[in-house]
Amino acid sequence: MEMNGEERIAAPRQLVWEALNDPEILRECIPGCQELEKTSGTELAAVVKVKIGPVSATFKGEVTLENINAPESYTISGEGKGGIAGFAKGGADVKLVEDGAETVLTYDVKAQVGGKLAQLGSRLIDSTSKKLAGQFFTKFNEVVSAKAAGA
C-alpha cells in the first residue's frame, strides 16, 4: 500500500517539528493510540487499537526515526504485531517546508500488512488507512495550530 499527501499547518516549521517529535502530542493525534512512549532519542514504543472492517486488533510495536534532518525532514518506520489479526509494517518520509507563517507538511507512506488483515482485501485496507491518516493529520493540524495561536 502506498499513500501520500500534504497538510498545511498554521504554525512555524520549528513548532511543527517539535510536535512531530513530542510523544504526548502524537498520542493525542494517532487514532486508537493507547500508549506511546519514547524509549530513546530516535525510538518509540506504541500500542494502537484499530478496526479494519470486521477485524479489530491491538498492535504493539516499535517506531524508529531515521534520516533526521531537523527541522526539515525524517523517515519514520515501524512494525506492529496484532496477534491473530496479523502484522503491519512500513514507513513514511515526512518533509516540512516553510511557506510564510505556515508550514506545509508532506508525507509519502509505504506499508504492508499480513495475516488475517491481508485477507480483507487491499481496497478496504487502503480506504481505512487513508481515513486514519486523514484523522491523524486533521487532529495534528488542530493541536499544532492551536499551540501556535496560543504561543
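A contact is taken here as heavy atoms within 4.5 Å. On that basis, in this predicted model, 50% of the contacts in the chain with a separation of 6 or more are between residues 24 or more positions apart. The secondary structure consists of three helices and seven strands, arranged from the N terminus in the order β-α-α-β-β-β-β-β-β-α. The radius of gyration is 15 Å, close to the 15 Å given by the globule rule for 151 residues, so the chain is as compact as a globular protein of that length. Along the principal axes, the C-alpha atoms occupy a box of roughly 45 × 30 × 25 Å.

Of the 151 residues in the chain, 39% are buried. The accessible surface amounts to about 8,100 Å², and carbon and sulfur atoms contribute 51% of this area. Charged side chains number 17 positive and 21 negative. The centres of these two sets are 9 Å apart.

Strand β3 spans residues 43–52 and pairs with two strands, β2 and β4. Seven of its ten residues are buried, so β3 is largely enclosed by the rest of the structure. The pairing of β3 with β2 (residues 33–38) is antiparallel and comprises five bridges. Within this pair, Glu 35 is bridged to Val 47 of β3. The connection from β2 to β3 is a hairpin of four residues.

The pairing of β3 with β4 (residues 55–69) is likewise antiparallel, with ten bridges between the two strands. Here Val 50 has Ala 57 of β4 as its bridge partner. Two residues separate β3 from β4 in the hairpin that they form. Gly 53, located in the turn, has a positive phi of about 60 degrees. In a regular strand, side chains alternate between the two faces of the sheet.

Helix α1 covers residues 13–20, and six of these eight residues are buried, so the helix is largely enclosed by the rest of the structure. The buried positions in α1 are Arg 13, Leu 15, Val 16, Trp 17, Ala 19 and Leu 20. In an α-helix there are 3.6 residues a turn, so residues three or four places apart point the same way.

Trp 17 of this helix is also among the contacts of Ser 73, a residue of strand β5 (residues 73–81). With the limit for burial set at under 20% relative accessible area, Ser 73 counts as buried at 17% relative accessibility. Leaving aside residues up to four places away in sequence, Ser 73 also touches Asn 67, Ile 68, Val 94 and Lys 95.

Glu 102 belongs to strand β7, which extends over residues 102–114. Its relative accessibility is 29%, and Glu 102 therefore counts as partly exposed. Apart from residues up to four places away in sequence, Glu 102 is in contact with Arg 8, Ile 9, Ala 10, Ala 11 and Val 97. Ile 30 lies 72 residues from Glu 102 along the chain, and the C-alpha atoms of the two are separated by 22 Å.

Key. Residues numbered from 1 in each chain as written. Predicted model: local features only at pLDDT ≥ 70, side-chain atom pairs only at ≥ 80, totals over all residues. Heavy atoms only, no water. Rg over C-alpha atoms; globule rule 2.2 N^0.38 Å. Buried < 20%, exposed > 50% of the residue type's maximum accessible area, 1.4 Å probe, protein only. Areas by Shrake-Rupley, 256 points an atom, 1.4 Å probe, with all protein chains shown as cover. Lys, Arg positive; Asp, Glu negative; His and termini not counted. Charge placed at Lys NZ, Arg CZ, Asp CG, Glu CD. Pairing = 2+ DSSP bridges.
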